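Biologist: Hi, I've just opened this one and would love some company while I look around. Can you walk me through what you see?

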Amino acid sequence: MASIPLLRFTPTTPRLLPHPLNLNFLQTRIQTRTRIHTKPASISASYNPIPATDRLISAVAYFLPFFNGLQYGRFLFAQFPTLALPFQPILPLLSLYRSLPYASFVTFFALYLGIVRNENLNTYPRFNALQAVVLDVLLVLPMLIQRIFSPGQSGIGLKFTVWMHNGLFVFVVGCFVYGLVSSILGKTPYLPFVTEAANRQM
């Protein structure tokens, strides 16, 4: 009589990954993939370039303190005539600006009332115009102090006047170049002693 082989069953532990009813695992995978695909979209949507019109207004505004501050370079120009060569291209525009009566006052109030206080414009040109106005006001103070105290035309008084004029000229030219280049590139320039005063007025 032939013997029938017995079937042996060995208990096995259930696997969670391939089981069709493992809903928690599937939900976790779907949420992870959704987070990965949605992050780059939020980053790209936050980029807002500065319009070309705002950059142009901001760049032109810095010409006001620059034109009014060139007078402080007379001692440097007299001592080093070659320093005047880079300013030769703007001499016709500077001559036209100074030939107009009350051009400085008209430009000052045009910037302040037409741009700084104009709420229809964006914040970027208004802030840069305000910095140019504040810088122009700061440049007037040394001339008033010089006229009140009149340090003299010789000795220590003359040396102090020369040092003050040379330092102010370098400061004005540096602020002008920095503000002009930053405005063209669409970046916000932070001028020393000027930005803090401008932030209080905005």
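Biologist: Let me start with residues 56-76: how much of that stretch is helix, how much is strand, and how far apart are the end C-alpha atoms?

Modeller: Happy to help, and keep in mind that this is a predicted model. Residues 56-76 come out as 76% helix and 0% strand, with 31 Å between the end C-alpha atoms.

Biologist: Which residues does UniProt list for "transmembrane region"?

Modeller: The UniProt entry, an unreviewed one, gives residues 56-76, 96-115, 127-149 and 161-181 under that name.

Biologist: And what about 161-181, how much helix is there?

Modeller: That span is 100% helix and 0% strand, and its end C-alpha atoms lie 30 Å apart.

Biologist: How many helices and strands does the protein have?

Modeller: There are 9 helices and 0 strands. Going along the sequence, the pattern reads α-α-α-α-α-α-α-α-α.

Biologist: What share of the contacts is between residues far along the chain, say 24 or more positions apart?

Modeller: Counting contacts with a separation of 6 or more, 75% are between residues 24 or more positions apart.

Biologist: How much of the protein is buried?

Modeller: Of its 202 residues, 29% count as buried.

Biologist: Now the inside. Which residues of the largest nonpolar core touch the most other members?

Modeller: The core has 33 residues, and Phe66, Phe67, Leu70, Tyr72, Leu111 and Phe169 touch the most other members. Helices α3, α5, α6, α7 and α8 (155-185) each bring in at least two core residues. The biggest contribution is from α7, with 9 residues.

Biologist: Phe67 caught my eye. What is it in contact with, leaving aside neighbours within four places in sequence?

Modeller: Phe67 is in contact with Ile90, Leu93, Leu94, Tyr97 and Arg98.

Biologist: Switching topic: I spotted Ser183. Which helix is it in, and which residues does it touch?

Modeller: Ser183 sits in helix α8. Not counting residues up to four places away in sequence, Ser183 touches Arg55, Ser58, Ala59, Tyr62, Tyr124 and Asn128.

Biologist: Why does Ser183 count as buried?

Modeller: Because its relative accessibility is 0%, and buried means under 20%.

Biologist: OK, pockets. How much space lies in the largest one, and which residues are closest to its centre?

Modeller: The largest pocket holds about 580 Å³ of space. Its lining has 19 residues, and the closest to the centre are Asn68, Gln71, Ser104, Phe105 and Val140.

Biologist: Which helices build that lining?

Modeller: At least two lining residues come from each of α3 (63-69), α5 (91-99), α6 (103-116) and α7 (123-149). The largest share is from α7, with 7 residues.

Biologist: How does the lining of the largest pocket divide into nonpolar, polar and charged?

Modeller: It divides into 13 nonpolar, 3 polar and 3 charged residues.

Biologist: And the second largest pocket, how much space is there?

Modeller: About 170 Å³. Its lining residues include Leu70, Gln71, Phe77, Phe87, Leu94 and Arg98.

Biologist: Which helix gives the most to that lining?

Modeller: Helix α5 does, with 3 residues. Both α4 (74-79) and α5 supply at least two residues. By class, the lining of the second largest pocket has 7 nonpolar, 3 polar and 2 charged residues.

Biologist: I see Leu94 and Arg98 came up before, with Phe67.

Modeller: Yes, Phe67 is in contact with both Leu94 and Arg98, and these two also line the second largest pocket.

Terms used:
Residues numbered from 1 in each chain as written. Predicted model: local features only at pLDDT ≥ 70, side-chain atom pairs only at ≥ 80, totals over all residues. Heavy atoms only, no water. 1 Å grid on protein atoms, 1.4 Å probe; cavity = no way out; pocket = protein on both sides within 12 Å on 5 of 7 lines; lining within 4 Å. Points joined across faces, edges and corners; volume = space filled by probe spheres on them. Helix = DSSP H or I, 4+ residues; strand = E, 2+ residues; numbered from the N terminus. Nonpolar A, V, L, I, M, F, W, Y, C, P; charged D, E, K, R; others polar. Core = buried A, V, L, I, M, F, W, Y, C linked by side-chain atoms within 4.5 Å. Buried < 20%, exposed > 50% of the residue type's maximum accessible area, 1.4 Å probe, protein only. Contact = heavy atoms within 4.5 Å. UniProt positions renumbered as here; feature names shortened; annotations may be inferred.
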